[in-house]
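User: I'd like to talk through this fold with you, one feature at a time. Can we start with the empty space inside and work outwards?

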Amino acid sequence: MPEKTRVTVNGYGVIGKRVADAVRAQPDMELVGVSDVISDYRIQTAVTLGIPVYASTPSAAVSMRESGLPVAGELHDLLDRTDVVVDCTPAKVGAENLAHYRDHGVKAILQGGERHDVTGHSFVAHANYATALGRDATRVVSCNTTATVRTLTALKAAGLLAKARGVLLRRATDPWESDHSGIMNTIVPEGSIPSHQGPDAQSVDPDLDVVTMAAKGSHTQNHMHFWTVELSRPSTRDEVLEALMAMPRIARVRRADGVVALNSTVELMRDLGRPRGDMYEVAVWEDILTVQGNELFYTYTVDNQAIVIPENIDAIRALAGTVADAAESIRRTDESLGVRRDFLSAPERAAAGR
Ligand SMILES: NC(=O)c1ccc[n+]([C@@H]2O[C@H](COP(=O)([O-])OP(=O)(O)OC[C@H]3O[C@@H](n4cnc5c(N)ncnc54)[C@H](O)[C@@H]3O)[C@@H](O)[C@H]2O)c1
């Protein structure tokens, strides 16, 4: 493999455009191009940013050229110069594309909209980076599942986890499509228990004893999870917080700082200058988290558009086999994206090591 891993992003939507930017921020990767089937402002933005744009299908090549886009070629041309393709197309399209990637001898990362058995491997960096090393394909699990596995892995690593039961309140739709999609002024529970996120977490770590229930809310940004966890033994709030904070990509927020709701974290990310206001971390409310004997109760918010971005970057290194150690890949990714454990750095807290 060349010195820099050559990466293609197929599907330049909510996830694809973020993965493309994150790839461009990695010194050990090169974004060779992005590919899509649309011609509107979403892909025109890539042209404006100087990213080579390709057409994913022959018919898209015609329509994209007709609309005046400077199409550099078709996806198959791009795949010939690619080591790893990150497929960020809508759910089920990635599964159809996988054979095409394999024909070109290109390693492939699919997203959470695909089923586990399509790749036979589901990825969360903290939990199973090592088992993805050198594979030809993996699936970065959904935003909700990533947050679930990340937090439960932290508790498991500290020897604290017995079983976990979660309620997930999801966003209705993504902001860019809220002119034509979403629900308003209601909450819609999922029709069966467990919701798919629990079994999905077990596709990454079969040992997790986890059950989830989910509902769709009428807001457009971020998910909110509420967890009741049976600990393996009686513990304390401090011990649990220490276990969570030991895991990269989990950050604490506090009501005491005025961070009281989903919109607070959205505003905070914008104020911190995060690209697109993205939050890659799971934001756990430190001053809501409660331990009673061997029972733990906590809540956190997940930026559904951003949380899987660092995982995709780690998955590229794992498939390419360029970094064998999960912790080293996570460190590089997090440094490049400015991932934090604490978003606010009050001097007295820093001095107290909190
Ligand atoms: N949006 C989220 O919050 C989120 C979070 C985690 C995972 N995911 C998963 O990521 C994947 C992508 O979701 P998204 O929200 O980015 O979707 P999106 O609709 O925002 O983007 C999909 C892009 O793929 C393009 N596309 C459609 N058909 C194509 C084809 N045949 N070839 C190439 N490109 C094609 C679309 O034009 C669009 O630009 C899905 O599997 C989804 O489940 C989404």
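Analyst: Sure. A cavity here is a set of grid points where a 1.4 Å probe fits but cannot get out, and its lining residues have an atom within 4 Å of a point. Keep in mind that this is a predicted model.

User: How many cavities of 30 Å³ or more turn up, and what volume does the largest cavity have?

Analyst: Searching the whole structure gives one cavity of 30 Å³ or more. As for the volume of the largest cavity, that comes to about 40 Å³.

User: Which residues line the largest cavity?

Analyst: Helices α1 and α2 (41–48) each put at least two residues into that lining. By type, the lining has four nonpolar residues, one polar and two charged. The names are Y12, G13, V14, K17, Y41, R42 and W176.

User: Now the open space. Which element gives the most residues to the lining of the largest pocket?

Analyst: The largest pocket has a volume of about 980 Å³. Its lining takes two or more residues from each of α1 (14–24), α5 (93–103) and α8. With three residues, the top contributor is α5.

User: And which of the lining residues are closest to the centre of the largest pocket?

Analyst: The lining is a mix, with 15 nonpolar, 18 polar and seven charged residues. Of those 40 residues, the ones closest to the centre are I15, C88, T89, P90 and A91.

User: On to the sheet. Which strands stand at its edges?

Analyst: The sheet is open and has seven strands, paired in parallel in the order β3-β2-β1-β4-β5-β7-β6. An edge strand has a single partner, so one of its sides is left without a neighbour in the sheet. That describes β3 (53–55) and β6 (122–123).

User: Which residue in β3 stands opposite S35?

Analyst: Strand β2 (residues 29–36) runs parallel to β3, and three bridges join the two. Across from S35 you'll find Y54.

User: Last one: are α8 and α12 roughly parallel or roughly perpendicular?

Analyst: Helix α8 (residues 143–157) packs against helix α12 (residues 308–320) with the axes 10 Å apart and an angle of about 80°. Angles from 65 to 115 degrees count as roughly perpendicular, so α8 and α12 are roughly perpendicular.

User: Which residues meet where α8 packs on α12?

Analyst: This contact has three nonpolar residues, one polar and two charged. From α8 come C143, T146 and R150, and they meet α12 at V308, P310 and E311.

Key. Residues are numbered from 1 along each chain as its sequence is written. This is a predicted model: local features need pLDDT of at least 70, side-chain atom pairs count only at pLDDT 80 or more; totals for chains, interfaces and linings use all residues. Side-chain values use heavy atoms; hydrogens and water are left out. Axes are lines fitted to C-alpha atoms, for helices over the stretch in contact, and angles run from 0 to 180 degrees between N-to-C directions. Helices (H or I, at least four residues) and strands (E, at least two) are DSSP runs, numbered from the N terminus. Angles under 35 degrees count as roughly parallel, over 145 as roughly antiparallel, 65 to 115 as roughly perpendicular and the rest as oblique. Contact means heavy atoms within 4.5 Å. Ala, Val, Leu, Ile, Met, Phe, Trp, Tyr, Cys and Pro count as nonpolar, Asp, Glu, Lys and Arg as charged, and the others, Gly among them, as polar. Two strands pair if DSSP finds at least two bridges between them. On a 1 Å grid over the protein atoms alone, a cavity is a set of points where a 1.4 Å probe fits but cannot get out, and a pocket is an open set with protein on both sides within 12 Å along at least five of seven lines; lining residues have an atom within 4 Å of a point. Grid points are joined across faces, edges and corners, and a volume is the space filled by probe spheres set on the points.
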